[in-house]
Amino acid sequence: MTDRYAVIGNPVAHSKSPWIHTEFARATGQDMEYGRIEAPLEGFARAVEEFRAAGGRGANVTLPFKQQAFRYCTAPSARAQLAQAVNTLIFDRDAVRGDNTDGVGLVRDLSANLGRRIAGSTILLMGAGGAAQGALAPLAQAGAARIVIANRTLPRAQALAARLAGFDVTACGYESLAGQSFDLVINATSAGLEGAVAPLPEGVFARGGLAYDMVYGRETPFLALARAAGVEVCDGTGMLVEQAAESFFLWRGVRPDTAAVLAALRRR
Ligand code: NAP
């Protein structure tokens, strides 16, 4: 019988995950199908249960349910516990395993696809929502020399920084960034979706640095600002494909090649 997977979110019509996983399945010869489920805002758990009862083997979880998915799963991975957010559910007979592949997807895109060295670099992580929560520990564990989390709502950034002991991670508001520059400036805010950008001081992008926006498929004000400052820029398409590949590996035990899918997605 064909194994079933889906992405669960609200809204979810825009999601590229069904296309990406269908390509992975075709390329690796896996007998599976992957759909999309728009759960009511108050109905995440019920939507998951209905999908499990109908034979679903696993799911991706997207906005706004990643924190609910963390609470829902019965066996969160170490990565999910650090992030306190889950984007991948694996349905076993009695347990629901939960994992977070966003951070590892980002790290792979930065290092394998973009050739950036994370070890020893200074990183500004903008935002403290689900995406930043998923990214923080993998960036620190990849050897970043220093990470500063800046967020509009400072206590959220402080709470996130406090979760990660043993690394040089601090939190601040955007106004405290004056005079500092970073090798990697990673925009994990959703400001770009509203055509906005968090207030960054001049000089925040180090010479030869990279500005990375997790938002994908559009020119955001953040990318425009970075381009004007003369640094290399990249959107989150590669992260999207790499986090999907890690989910696929968790479900199927097969690691799909991402290069062709990423190239095709960029052309679309
Ligand atoms: P979220 O949990 O809703 O968090 C949103 C963050 O953006 C918060 O830190 C929020 O600050 C900040 N923010 C929103 N509007 C802002 C503005 N006008 N100025 C300054 N800060 C603002 O969302 P999320 O799950 O973290 O997702 C963030 C973005 O990452 C989304 O655009 C999502 O599409 C993208 N993403 C991409 C991938 C990928 O694979 N490429 C994966 C995951 C997420 P406050 O705390 O002050 O509200």
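Which N or O side-chain atom pairing lies 2.9 Å from an oxygen atom of the ligand, and in what residue? The legends below answer this for a predicted model, in which local features need pLDDT of at least 70, side-chain atom pairs count only at pLDDT 80 or more, and totals for chains, interfaces and linings use all residues. Residues are numbered from 1 along each chain as its sequence is written, and side-chain values use heavy atoms, with hydrogens and water left out.

**View 1. Polar contacts of the ligand (pairs of N or O atoms within 3.5 Å).** The residue asked about is Arg 152, whose side chain has an N or O atom 2.9 Å from a ligand oxygen. Thr 153 likewise offers a side-chain N or O atom, at 2.5 Å from an oxygen of the ligand. From the backbone, a polar atom of Gly 129 lies 3.5 Å from a ligand oxygen. The protein buries 85% of the 930 Å² that the ligand exposes when taken alone (Shrake-Rupley method, 1.4 Å probe).

**View 2. The shell around the ligand (residues with a heavy atom within 4 Å).** Here you meet 25 residues, with Ala 131, Asn 151, Arg 152, Thr 153 and Arg 156 coming nearest. Helices α6 (130-141) and α9 (237-252) each supply at least two of the shell residues (helices are DSSP runs of H or I, at least four residues; strands are runs of E, at least two).

**View 3. The centre of the largest pocket.** Leu 63, Ala 131, Thr 189, Ser 190 and Leu 193 lie nearest the centre, among 46 lining residues. Strand β3 (56-61) and helix α3 (66-72) are among the elements giving two or more residues to this lining. (A pocket is an open set of points on a 1 Å grid over the protein atoms alone where a 1.4 Å probe fits, with protein on both sides within 12 Å along at least five of seven lines; lining residues have an atom within 4 Å of a point.)

Conventions: Polar contact = N/O pair within 3.5 Å; in protein donor to acceptor, adjacent residues only side chain to side chain.
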